Amino acid sequence: MIRCALMTRPLPALERFLYSHHLFGGARQALGVLLPPLVLGGLFGYYTPGLTAAVGAACVAILDQPGGPRRYGIQGMAAAVLLGSITVATMGLAASHYLLLWLVVPLLCFLFSMFTVFGKQGGLLGFACMLIMTLTMRSEPQISELWLHTAYSLGGGLFYFLYSALVHRLSWHREEQQALSAALFATADYMRTRAALYDTELDLDTHYRKMVRAQLAMTDAQQEARDTVLRELPTGTSRSDRTRAASLNLFIDMVALLDTLVASHTDYVTLRENFGEADALLFPRDALRKLAANVDRIALNVARNRRQRTPHSLKPELRALEFELRELREQGFAKEAPEVYALLLQVLRRLRRANELTLRMAANTRRGGTAELVDERLNKALDRFLSRRKWRLGMLTSNLRMDSSHFRYAVRVMVAAAAGMTLSAVLGQAIPRYVMPGWVVHDYWVLLTILVIMKPGFALTRQRNGWRLAGTLIGCAVALLIFNRFTSPYALLGLLLLTGVLWYALLQVHFMLAAAANTIFVLLAFHFLGPQDTFVIGERVVDTLLASGIALLCSRYVLPWWESNYMGSLAAALQRANLRFLRSGLRYAELSRRAHAASQSEAADAQRLAEYRNEQREADVQWRVDRKNMHIAFSNYAGAFYRMMAEPARRQHHVDTLNALMSQHHTLASHISACVPLLAEMDEVPADTQRVLDGIETTLAGAGDTTPQAPLSASTAEFALLAYPLRQMQIAAAQIAENTRLLEAPPEAGDSADGADDPEYFMAGQAPFNGEIPDDPPSMHPPRRRSPLRRKS
């Protein structure tokens, strides 16, 4: 047992990070930003032009993110080059008078903060422009040199644009491998947390919440992999096309593995009540742990571009579970409790299917693996699975209203920027005169820290505030050690490059460590510019403390926007996503039955049969797209709910109702995934089954009542595999309708006016869910249902 646990433990986080796209992307970004000053300054002695070009390159590098169709990245970087140059020129003109600068900077902060209405890409573009605005404040170019300064910045931006295009062209396969590896690691983590639910010695509620948290992280990672792998599809039989096909096959199998695991919402309460004292639940637990270890190993070898070793065998666990089921059948348990028996049988079937997919994924990592698509139905429809980004001026103007979260966030940033500049000016005069001569308060550093910390939600701002403070203190302490230990300029230059890479690489992984690396990087840069400056470390700490206080106060008291304001819109979006998922699934099942009936008919027309097949394939693709959108909508809702739980208690509304909705939607979606394939295999849907499905659809659409529907009759109950998920869907839909009515109608925010049906819309300007759950969250597990069925000893 100990040996098995050691074999199936998760890979160390450091090993994952070393082969991740975060480190590769950080190295790419840092090299692109530092090349201009190293070449212009180190080789030709043009230090000032080199630093100015580095600032322009840094602005564009922020938009150079992994994932998504390449045209979106090109458009974002081109916009950063253009808007960044305009910002530099504007700041140079405004720097001639401090009052004019005091007016221009808050206005630019407001404008660029409004870019969050365009989603994540828009938020990055806005931050990039505010970054170059802040760094231009530090350089303070003279009017006579403004156009030359702007040209250097533009040149740095254009250099990074061309550099990024070249690197992406040369390393596209490496990017696909790393995105797939990250998604596979997240999938393995999800499988590992799901395995814990079969362990009767562990608390069910605690590990159920961990499973949801792992599902959110997996959804984000798989969407990034989807956007990376599907942006260029194989079109021929060349070597690059075969490589793309291998990556595509691996991705399709990974998604199929996820669908296999969540194809039914396993009732762990019932399983524990009936088999808690037996060994039947130990075998699924051990099998899932082995599967997670296999997927971990596949992910690592994909990132390292190595062959997959022979994975852990699941034969002992599968055979043991088969033996348990045979014993139960011989004892008459299958007739006494057919639904519970079918529940355990489903577990066995899902484990078999997951094992087959894992073995095929391992085979696809080997050289000489098949280059043919494992699912030809998706060959010409995969572009519909990509993220869509909308850039319309109307989205910006329609949110210029007090009930828009984006507008309120932009106002907060504007007020914080004005307060930071004002306090910096006041303290910059008072401290050197009355406290410590020679001390400098850097207004640009205060402003930059405010812009980095402030996020649309209070919980995220408070969290980043603490991380930024801790990272700054750690960075200052490490910088002191570096200055005392190292005197060689070459060693310091090497550390400068290393911290630059770590800054970019850790930004999306661990914000506190990224802040520490950023602090060390800046202090080393200032050491090269002015080695005699002894106050720089203490000044950074004071500047950060001042900026953190301003950011936290403005987020708390200046037009605050709480996550509870979002929850009503997110709940409605999730309900619509589940309804579309159900309808498209029923459409696919209907067309599958029609196509099967036509193929069995002797008088079937070949042309009509081909039309049925095409309609069936189209419906299948649409169902998969809606399933992807449902997962994103659930991730948005759950992430916002946990962020709300991190906000002040008096700002948390309808906690129990919102928590119940999260559990019920999770249950509903899982059982939809289980029912649709069973319905597609039927020759004809029984009348009782169709009545229940119609009732569920009507309830989710808001046109039905929440009173319990008539129970399934014996004709439907004969299908034990279908009866259980149908009954759970019936219960979940009624509870969703009832809990939705308990929620107060949210205000008509500007956000819901444009894009509310887009599952990716509500993530605009929000950081991804970081996995933190409050100390005392409500129970995530569905309400406990006492089963009348008990296993006889």
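Trainee: How many cavities of 30 Å³ or more does the structure hold?

Mentor: The structure holds seven cavities of that size. Before we go on, this is a predicted model, in which local features need pLDDT of at least 70 and side-chain atom pairs count only at pLDDT 80 or more, while totals for chains, interfaces and linings use all residues. Residues are numbered from 1 along each chain as its sequence is written, and side-chain values use heavy atoms, with hydrogens and water left out.

Trainee: What makes a space a cavity?

Mentor: On a 1 Å grid over the protein atoms alone, a cavity is a set of points where a 1.4 Å probe fits but cannot get out, and its lining residues have an atom within 4 Å of a point. Grid points are joined across faces, edges and corners, and the volume is the space filled by probe spheres set on the points. The largest cavity holds about 100 Å³ of space. It is lined by 12 residues, and those closest to its centre are Gln215, Met630, His631, Ala669 and Ser670.

Trainee: Which elements give two or more residues to the lining of the largest cavity?

Mentor: They are α25 (606-645) and α26 (655-681). The biggest share, five residues, comes from α26. A helix here is a DSSP run of H or I with at least four residues, a strand is an E run of at least two, and both are numbered from the N terminus. By that count the protein chain has 29 helices and zero strands.

Trainee: How many residues of each class are in that lining?

Mentor: Five are nonpolar, seven are polar and none is charged. Nonpolar covers Ala, Val, Leu, Ile, Met, Phe, Trp, Tyr, Cys and Pro; charged covers Asp, Glu, Lys and Arg; the others, Gly among them, count as polar.

Trainee: Why is Phe581 classed as it is, buried or exposed?

Mentor: Buried means under 20% relative accessible area, exposed means over 50%, and partly exposed is in between (1.4 Å probe, protein chains only). Phe581 has 0% relative accessibility, so it counts as buried. This residue sits in helix α24. Beyond its neighbours within four places in sequence, Phe581 is in contact (heavy atoms within 4.5 Å) with Trp623, Asp626, Arg627, Met630, Ala669, Ile672 and Ser673.

Trainee: What about Leu679, buried or exposed?

Mentor: Leu679 has 2% relative accessibility and therefore counts as buried. Its place is in helix α26. Leu679 and Ala589 are 90 residues apart in sequence, yet their C-alpha atoms are 5.7 Å apart. Ala589 is also among the contacts of Leu679, including Leu586, Arg593 and Leu722.

Trainee: Which class does Leu282 fall into?

Mentor: Leu282 is at 29% relative accessibility, so it counts as partly exposed. It is found in helix α13 (residues 282-304), and its C-alpha lies 6.8 Å from that of Asp199, 83 residues away in sequence.

Trainee: How do you know that the length of helix α8 agrees with what is expected?

Mentor: The expected span is 1.5 Å times one less than the number of residues. For the 25 residues of α8 (residues 146-170) that should be 36 Å, and the end C-alpha atoms are 36 Å apart, so the two agree. Among the buried residues of α8 are Leu146, His149, Tyr160 and His168. At 12% relative accessible area, His149 counts as buried, and it contacts Thr52, Val88, Thr136, Ser139 and Pro141.

Trainee: Why is α10 called largely enclosed by the rest of the structure?

Mentor: Because 19 of its 26 residues are buried. Helix α10 (residues 204-229) reaches 36 Å from first C-alpha to last, close to the 38 Å expected. Across the protein chain of 793 residues, 57% count as buried.

Trainee: What makes the phi of Leu559 stand out?

Mentor: Its phi is near 45 degrees, a positive value in a residue other than glycine. Most residues other than glycine have a negative phi. Leu559 lies in the loop between α23 (536-557) and α24 (563-600), and at 24% relative accessibility it counts as partly exposed. His654 also has a positive phi, near 55 degrees, and is in the loop between α25 and α26. With 29% relative accessibility, His654 counts as partly exposed.

How values were computed:
On a 1 Å grid over the protein atoms alone, a cavity is a set of points where a 1.4 Å probe fits but cannot get out, and a pocket is an open set with protein on both sides within 12 Å along at least five of seven lines; lining residues have an atom within 4 Å of a point.
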